[in-house]
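Grab a pencil and open the viewer. Here are a few short exercises, each with its solution worked out step by step.

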Amino acid sequence: MEMTKEEFKKELQQRLKEKYAMDINDASSQELYNVLGSVVKAYYSDAWSNTWKDYLEDGQKQAYYFSIEFLPGKMLKSNLLNMGILETVEAGLADLGVSLDELAQVEQDMALGNGGLGRLASCFMDSIASCGLPGNGNGIRYDYGLFKQRFVDGYQVELPDEWLRNGNTWEVRKESKAVDVLFGGNVYLAEDTDGQLRPVYEGARRLRAVPYDTAVLGYQNHLVNTLRLWSVEIPESEEDHYRSIEDRRAFEDLTAVLYPDDSNERGRQTRLWQEYFFVSAGVQSIIRYYLRLNKPLDVLNEYVAIHINDTHPALCIPEMMRILMDEHGMSWEKAFNVTVKVMSYTNHTIMAEALEKWPVALMKENLPRMYQIIEELDRRFVNELTICYPENPELIQRTRIIQNEQVHMAHLAIICSHSTNGVAKLHSDLLKEVVLHDFYQLFPERFNNKTNGIAQRRWLQLANPKLSKVLDQTIGTTWRKTPGDLKLLQNYVEDQTVLDQLAEAKKSNKQRLASYIEETTGITVSPEAIFDVQIKRLHAYKRQLLNLLHILKLYFDLKDDPKKVQESRLFIFGAKAAPSYTYAKSIIKAINEVANLINNDPDINGRIKVVFLENYNVHLAELIIPAADVSEQISLASKEASGTSNMKLMLNGAITLATLDGANVEIRDAVGDDNVVIFGMTEREVYQYYERQDYVAKDYYDQSPVLQRILNAFVDGTIPNIYFEGREIFDSLLKHNDEYFVLRDFDAYVKAQEKIDGLYRDQHHWQQMSLMNIANAGRFSADDTMMRYAEEIWHIEPVEQYSKKKG
Ligand code: GL7
């Protein structure tokens, strides 16, 4: 894929004429963006169709990553980067008087995910392609992505995300690849003309799944994989079945909205339909493609790996069984054998409320054939265990798929797949030792860890060109392809020039963010302050509240003693709360009110500022992360499965202030104790409290005048305008005994923050720490993570290696 600047300019102008009959000067940004998109698309289209054809011709084993969420963000610049023409296009546009950065703003963030889980799926897509691996995504094309967040009087208000309003340049609708999906009705087995038992469907609703494909470009390797997202339509033949427009609408809305909950079970019928819809469509299209290879279905696992990203796509299992048995006449035993070998599963949380369960009645009514198969899977599992563990009926009760009239999706996924992994060492250990211990005893060989990773191209090369340049000048450019080479930076830890350049890059990123803050909130902030960042979904277990309590402490300290020695701090929050999660929304309101109070207090005089940026999303993350000095990763130990903002912030030179939770543990191992600040209870201590049940939050309050003053501020009017929210927060800590041990960890957190303050004062040392973080972030590259999935779970190989072997 090569293109000179002049070729690019010509092509752009030509297409602009064809499409809009316009010259550059007359075109709006949107028009220019559209045309640029089509130039880019044309540019990779050959590679896209070749990749597809090569896989087919070579009979290459492919992985399919099934996820109900993908969160790619904007794609223009990452596509340009991966094609190797970012600079050419930027320069070409500049010649024509157009700024690429401005054009890139026109693109709507593709926000078909809630948070970490969806963003991880997109980082993985990028890395799969960049590693040359044959792997594709499969998900839902929601008409509306994650809601847009606005603050009105400090309250979160949700607005619809009409991301498709101006069209989506990157997708290709593939009408000819549509498949039908059946819902509801009755299913019974009847003998067919060949004497086989086949299911007969009565009164089922038939919906059409139409795929929209998006190219996933590998980093400068000519490989283009596919992200396939399904959208619902009503087949023409079925139109008579709808009695009214409203009736029809209800079905057409199946893929309209993304469920905006994060780490929470969604027990809603539409959600179940969504899950089956994209799973059935995806598995059907995989089988259809596979049949073109002319291979028997009982070796499907040699050509296809299906990954179940969290339990939402776990219906892949019964759906695969259905297709193999009902449509291809395979026996139960054979079908099960193949299915287990094809499927693998990742668990992303131990939070009990997030472990999906579906009521049997709901499943039976809406997905009758799925339920029949699940019931049989359950029956056979119970039979087998009864033979192996006759003396242990409790084990069977605890592990079976159907319990108390509910289908346990995680059990289904573990029992019927060959691999179950957690997303950080600590998380995987907890799965084995506690949460999924029974299953670990039954199937020890299936359990493994795959620590999450991030697409370092987006989070460093694209988000932080300033730092990237310093790296190029210092250690050469190999880190761009091999993030492990960032390690070379360690050799410069005593080099003052390099340290100064790093500081300079950080400062300029802080200035960029400061301007954004000023523009969007009207709050003036100083780039000299410590930029202290907590960006993630708002959830009680992530403990944004702990951060807020500490801010109040600093505030009162300064009020009492205006001369107190303390570095200036800017506390930055970015977080959306699930619309139905009232407690999280109360915390947002409280943070906003505290921000108002402190930012406008003349006594404070700007020494502490608090900014809650609206509508945190991928794009905003790209702006905030390069500017961060401190990375707040303060969840209650054991609750955050991995976290990924921790990795992005570290890569951009922020110092991690963390509990030993999720991947923070591995960050500490990577940089060493001297280059992170760790505080708070360990996961063991947390479990000890659970066992002894002797945590009394109120004792901490009673014994600490500092905490009394801070907590009272929520209910005595010190923080204005939070009459109800303040009471709710106060009660959550004292009356309801502080579920996430905020008060227990408060003192330790304050000390850790004091340590940060002292460390920052010694700028030279701080820069050295920052350098060490950048240098050791390579191991969190999603490229490595994907290579491990490829080798150890999916058994797929990079294409280059494959062709070499063939040659
Ligand atoms: C999550 C975890 O909470 C988060 O710690 C992890 O980094 C992420 C990706 O593995 O998955 N699990 C989950 O249900 N959501 C997450 O972000 C929404």
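A polar contact is a pair of N or O atoms within 3.5 Å. Keep that cut-off handy, and remember that you're looking at a predicted model.

**Exercise 1.** Find which polar backbone atom lies 2.8 Å from an oxygen atom of the ligand.

*Solution.* Start at the ligand's oxygen atoms and look for backbone partners. At 2.8 Å from one oxygen atom you meet a polar backbone atom of Gly643. Now check the cut-off: a pair has to be within 3.5 Å to count, and 2.8 Å passes.

Then try two others. For Leu117, a backbone N or O atom is 3.1 Å from an oxygen atom of the ligand. For Ala641, the distance from a polar backbone atom to a ligand oxygen is 3.3 Å.

**Exercise 2.** Work out how much of the ligand's accessible area the protein covers.

*Solution.* Take the ligand on its own: it has 400 Å² of accessible area. Put the protein back, and 94% of that is covered. As for the place, the ligand sits in the largest cavity.

**Exercise 3.** Describe the residues around the ligand.

*Solution.* Sort the shell by type: 5 are nonpolar, 6 polar and 2 charged. Next, pick out the nearest of the 13 residues: Asp262, His348, Asn452, Glu640 and Gly643.

**Exercise 4.** Explain why the ligand lies between domain 1 and domain 2.

*Solution.* First, split the chain: domain 1 is 59–74 + 109–356 + 410–450 + 787–806, and domain 2 is 456–679 + 746–780. Their contact takes 42 residues from domain 1 and 40 residues from domain 2. Both domains give residues to the shell around the ligand, so the ligand lies between them.

Key:
Residues numbered from 1 in each chain as written. Predicted model: local features only at pLDDT ≥ 70, side-chain atom pairs only at ≥ 80, totals over all residues. Heavy atoms only, no water. Near = heavy atom within 4 Å. Polar contact = N/O pair within 3.5 Å; in protein donor to acceptor, adjacent residues only side chain to side chain. Areas by Shrake-Rupley, 256 points an atom, 1.4 Å probe, with all protein chains shown as cover. 1 Å grid on protein atoms, 1.4 Å probe; cavity = no way out; pocket = protein on both sides within 12 Å on 5 of 7 lines; lining within 4 Å. Sits in = over half its atoms within 2 Å of the grid points. Nonpolar A, V, L, I, M, F, W, Y, C, P; charged D, E, K, R; others polar. Domains from an automatic or database assignment. Contact = heavy atoms within 4.5 Å.
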